[in-house]
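Student: Hi! Could you walk me through this protein model? I'd like to start wherever you think is a good spot.

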Amino acid sequence: MKAFFCEQQMLHQPRQFMRLGRLCAPTDTPARAQALQTVLAARGVSVEAPPDYGRGPLHGVHSPDYLDFLEHAYPRWQALRASGMDPGDEVLPNLAPYYSGRLEHAERGPCPSGSVVAQAGYYLGDLSCPIGPHTWRSALRSTHSAVAAADWVAQNQGVAYALCRPSGHHAHRDRAGGFCYLNSSAAAAQRLLQTYGKIAILDVDAHHGDGTQQIFYQRPDVMTLSLHADPVGYYPFYTGHAHERGYGSGHGYNLNFPLAHGADDEAFLDALDNALVALRDYRPRALVLPLGFDTYKDDPISVLGLDIDAYRHIGERINGLGLPTVVVQEGGYLVDAIGPALDAFLQGMAQTVAH
């Protein structure tokens with residue numbers, strides 16, 4: 001296995017996010033990446049910094065107007081002071097446009113206002129995505145790690161791990177959400193298509209990968225499957241239900257497996273086995289695995305009940321597919337647990353599987 005990570009991914013240091021009506025201390029801290037790096041080093045996994053690809057690999061995933069906003073929002077926000085306004089230290093929305101949220105409407109078009117205040121409401125879907133001085137660079141380099149992992153897999157036909165931080169699977173084509181700004185898993189899949197032509201994305205984070213679903217919802221060349229806590233009472237609430245199957249030519253290529261809150265190892269692995277049946281029927285030539293550890297029972301924002309050993313079983317099942325695979329790190333916010341969780345997953349991936 002090869003791993004990719006850039007130290008610039010540490011620069012993003014959010015100061016706050018809104019939860020249950022309170023501005024809370026951030027949970028997506030640089031310490032998360034440090035804990036995961038420690039495990040990679042202990043297992044002898046080589047970690048390489050990705051090339052700087054610029055915005056190029058994102059053009060098939062995110063809209064140009066959204067990328068422009070993310071890249072320039074912070075200095076524009078600070079420039080409001082020159083006009084006598086008193087903006088906060090981070091870009092956060094204080095309004096939102098009327099938006100139906102219908103999945104088939106993949107394109108909203110650029111924000112009709114040139115105001116950075118209006119655009120913050122248009123392009124930031126919630127109050128968990130503050131933009132600071134280094135957010136754009138960290139998110140961009142996080143995505144580069146996933147793209148570099150995809151390039152390595154395409155060349156070597158093996159497994160690569162992208163230590164992505166900030167995470168990405170809640171980022172829609174034109175909207176940030178849930179700590180996510182740029183969708184690294186989607187960028188990896190888009191890159192793999194150049195070599196393999198038919199890709200599956202299997203998301204095993206605690207939250208529905210709503211951004212990934214939205215990006216590929218009308219496409220048959222990328223099947224999206226997501227295991228997650230039932231969104232009826234959990235973020236992102238509005239998507240991730242079993243009836244969402246894709247739209248147009250993408251109908252049938254989006255599958256959701258919502259889990260009852262409190263679901264344990266057995267329930268999660270049973271759902272995973274069902275997802276793998278559908279995945280095998282699709283016959284992808286390569287796999288992207290958005291991997292979250294916020295499914296762990298003691299994670300501060302999870303409602304699922306997995307033990308550490310569950311991640312070993314997940315690794316064994318993914319290894320058993322025998323597919324070229326890009327593993328993209330997503331959530332997991334209990335720093336003391338995510339290292340052991342990754343270690344257990346890597347143990348499972350290292351198991352010899354009889355075919």
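**A chat about the model**

Tutor: Happy to! Let's begin with Arg-283, which sits in the loop between α7 and β9 (286–291). Keep in mind that this is a predicted model.

Student: OK, what's up with the phi of Arg-283?

Tutor: Its phi is near 60°, a positive value in a residue that isn't glycine. Most residues other than glycine have a negative phi, and most peptide bonds are trans.

Student: And is Arg-283 buried or exposed?

Tutor: Arg-283 has a relative accessible area of 67%, so it is exposed, given that exposed means over 50%.

Student: Which loop holds Phe-237? I clicked on that one too.

Tutor: Phe-237 is in the loop between β7 and β8. Phe-237 has a positive phi as well, near 65°, and is not a glycine. With a relative accessible area of 38%, Phe-237 is partly exposed.

Student: You mentioned trans peptide bonds. What kind of peptide bond joins Tyr-235 and Pro-236?

Tutor: That one is cis, with omega about 10°. Pro-236 is in the loop between β7 (222–229) and β8 (254–259), where Phe-237 is found too.

Student: Cool. And what about the bond from Arg-165 to Pro-166?

Tutor: That peptide bond is cis, and its omega is near 5°. Look for Pro-166 in the loop between β5 (159–162) and α5 (184–196).

Student: Switching topic: how many disulfides does a search of the whole structure find?

Tutor: The search comes back with 0 disulfides. Take Cys-24: the nearest cysteine sulfur belongs to Cys-129 and is 15 Å away, and Cys-24 is in no disulfide.

Student: Remind me what a disulfide is?

Tutor: A disulfide is a covalent bond between the sulfur atoms of two cysteines.

Student: Then why is there no bond between Cys-129 and Cys-180?

Tutor: Because the sulfur of Cys-129 is 6.6 Å from the closest cysteine sulfur, the one in Cys-180, and that is too far for a bond. The cut-off here is 2.5 Å between the two sulfurs.

Student: Are those cysteines buried or exposed?

Tutor: Cys-129 is buried, with a relative accessible area of 0%. Cys-24 counts as partly exposed, at 24% relative accessibility.

Student: Let's do helices. How do α7 and α8 cross?

Tutor: Helix α7 covers residues 265–282 and helix α8 covers residues 309–321; their axes come within 11 Å and cross at roughly 10°. Angles under 35 degrees count as roughly parallel, and α7 and α8 are therefore roughly parallel to each other. The crossing of α7 past α8 is right-handed.

Student: Which residues meet there?

Tutor: On the α7 side you'll find, among them, Phe-268, Leu-269 and Leu-272, and the α8 side includes His-313, Ile-314 and Arg-317. The residues of this contact of α7 with α8 divide into 8 nonpolar, 1 polar and 4 charged.

Student: Does α8 touch α9 as well, and which residues are involved?

Tutor: In α8, Tyr-311, Ile-314 and Ile-318 are among the residues that meet α9, where the partners include Ala-341, Ala-344 and Phe-345. These two helices pack at an angle of about 35°, with their axes 6 Å apart, and the crossing of α8 and α9 is right-handed. The contact of α8 with α9 divides into 7 nonpolar, 4 polar and 2 charged residues.

Student: I see α1 by α9 in the viewer. How do their axes cross?

Tutor: Helix α1 (residues 30–42) and helix α9 (residues 335–349) have axes that come within 9 Å and cross at roughly 35°. This crossing is right-handed. Ala-35, Leu-36 and Val-39 of α1 are among the residues in contact, along with Ile-338, Leu-342 and Leu-346, which are some of those from α9. The residues of this contact of α1 with α9 divide into 9 nonpolar, 1 polar and 2 charged.

Student: Last one: where is Pro-112?

Tutor: Pro-112 lies in the loop between α2 (64–78) and α3 (116–123). At 78% relative accessibility, Pro-112 counts as exposed. From Pro-112 to Gly-177, 65 residues apart along the chain, the C-alpha atoms are separated by 20 Å.

Methods. Residues are numbered from 1 along each chain as its sequence is written. This is a predicted model: local features need pLDDT of at least 70, side-chain atom pairs count only at pLDDT 80 or more; totals for chains, interfaces and linings use all residues. Side-chain values use heavy atoms; hydrogens and water are left out. Buried means under 20% relative accessible area, exposed over 50%, partly exposed in between (1.4 Å probe, protein chains only). Axes are lines fitted to C-alpha atoms, for helices over the stretch in contact, and angles run from 0 to 180 degrees between N-to-C directions. Helices (H or I, at least four residues) and strands (E, at least two) are DSSP runs, numbered from the N terminus. Angles under 35 degrees count as roughly parallel, over 145 as roughly antiparallel, 65 to 115 as roughly perpendicular and the rest as oblique. A crossing is left-handed if the near helix is turned anticlockwise from the far one by less than a right angle, and right-handed if clockwise. Contact means heavy atoms within 4.5 Å. Ala, Val, Leu, Ile, Met, Phe, Trp, Tyr, Cys and Pro count as nonpolar, Asp, Glu, Lys and Arg as charged, and the others, Gly among them, as polar.
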